[in-house]
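Reader: I should be grateful for a close look at one part of this model: the helical packing and the loops that lead to it. Please connect the details into a single account.

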Amino acid sequence: AVKFTGNEILDTFHTLVNPLCPIPSFVARLTGINQSEVDQAPVFSAVSDSLVEFVGTSGLIGHNVKFDADFLIKHGIKLTNECYDTWDLASMLLPFAPDYSLATLAELFGVDHSKPHRALPDAEATFGVFCCLLKLMRNLDASWLVRINRLAKRAKWPIHALIESAQRESL
């Protein structure tokens with residue numbers, strides 16, 4: 001996890017977690033994490049309170065953030081924080097992008113993502129992509145922001161708060 005304000009990273013939270021089962025070989029190849037690393041790591045319940053404290057009341061930003069939020073819920077963490085998805089933002093702001101993978105968006109914006117599928121580097125890349133997407137949104141014509149925000153509110157899409165913030169900044 002990455003805690004930030006504006007374009008500045010304030011702190012990070014990172015730990016491996018012991019899944020109490022063998023890591024599938026495809027996951028080991030994808031992440032570069034080996035079984036001995038997780039065998040020595042704490043179980044999730046041993047670090048969950050620290051994660052909750054780290055997150056606090058801050059909004060959660062992720063690339064396909066529902067996956068992360070569902071994982072936390074499945075493991076007993078019921079955060080009420082707003083969730084903002086960089087995939088959703090990108091699909092709205094970049095309708096002609098070839099795809100909306102984190103790797104593609106990071107490359108598009110020149111954000112470092114040299115260690116994909118590792119939690120902290122993915123969180124840092126997501127932070128960078130999020131900042132670029134907000135900048136892109138803030139540069140939209142004010143009338144477009146009003147229209148997009150109206151639709152986002154009707155759809156109860158959490159990004160309406162981000163759009164309202166961009167609207168205030170464009171005044």
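Author: Helices (DSSP H or I, at least four residues) and strands (E, at least two) are numbered from the N terminus. The model is predicted, so local features need pLDDT of at least 70 and side-chain atom pairs 80 or more, whereas totals for chains, interfaces and linings use all residues. Residues are numbered from 1 along each chain, and side-chain values use heavy atoms, without hydrogens or water.

Confidence (pLDDT, from 0 to 100 per residue) averages 93 over the chain, and 99% of the residues score at least 70. Among the elements, helix α6 (residues 102–109) has the highest mean, 97, and helix α9 (residues 160–170) the lowest, 82.

Two loop residues deserve attention. Asn-64 lies in the loop between β3 (60–62) and α4 (65–74). Its phi is positive, about 65°, although Asn-64 is not a glycine. With a relative accessibility of 42%, Asn-64 counts as partly exposed (buried is under 20%, exposed over 50%, partly exposed in between; 1.4 Å probe, protein chains only). His-117, in the loop between α6 and α7, likewise is not a glycine and has a positive phi, of about 70°. His-117 is also partly exposed, with a relative accessible area of 42%.

From His-117 the account passes to Asp-122, which belongs to helix α7. Beyond four places in sequence, Asp-122 is in contact (heavy atoms within 4.5 Å) with His-117 itself, and with Leu-102, His-113, Lys-115 and Pro-116. The C-alpha atoms of Asp-122 and Ala-103 are 9.2 Å apart, although 19 residues separate the two along the chain.

Further along α7, Thr-126, Val-129, Phe-130, Leu-133, Leu-136 and Met-137 meet Thr-86, Leu-89, Ala-90, Met-92 and Leu-93 of α5. Leu-89 shows how the contacts spread: not counting neighbours within four places in sequence, Leu-89 touches Phe-130, Leu-133 and Met-137, and also Ile-159 and Leu-162.

Leu-89 also belongs to the largest nonpolar core, which has 25 residues; such a core joins buried Ala, Val, Leu, Ile, Met, Phe, Trp, Tyr and Cys through side-chain atoms within 4.5 Å. Leu-89, Met-92, Leu-94, Met-137, Leu-162 and Ile-163 touch the most other members. Helices α5, α6, α7, α8 (142–154) and α9 each supply at least two residues of this core, and α7 gives the largest share, 6 residues. Apart from this core lies another, of 10 residues, including Val-47, Val-55, Leu-60 and Ile-77.

Terms used: pLDDT = per-residue confidence, 0-100.
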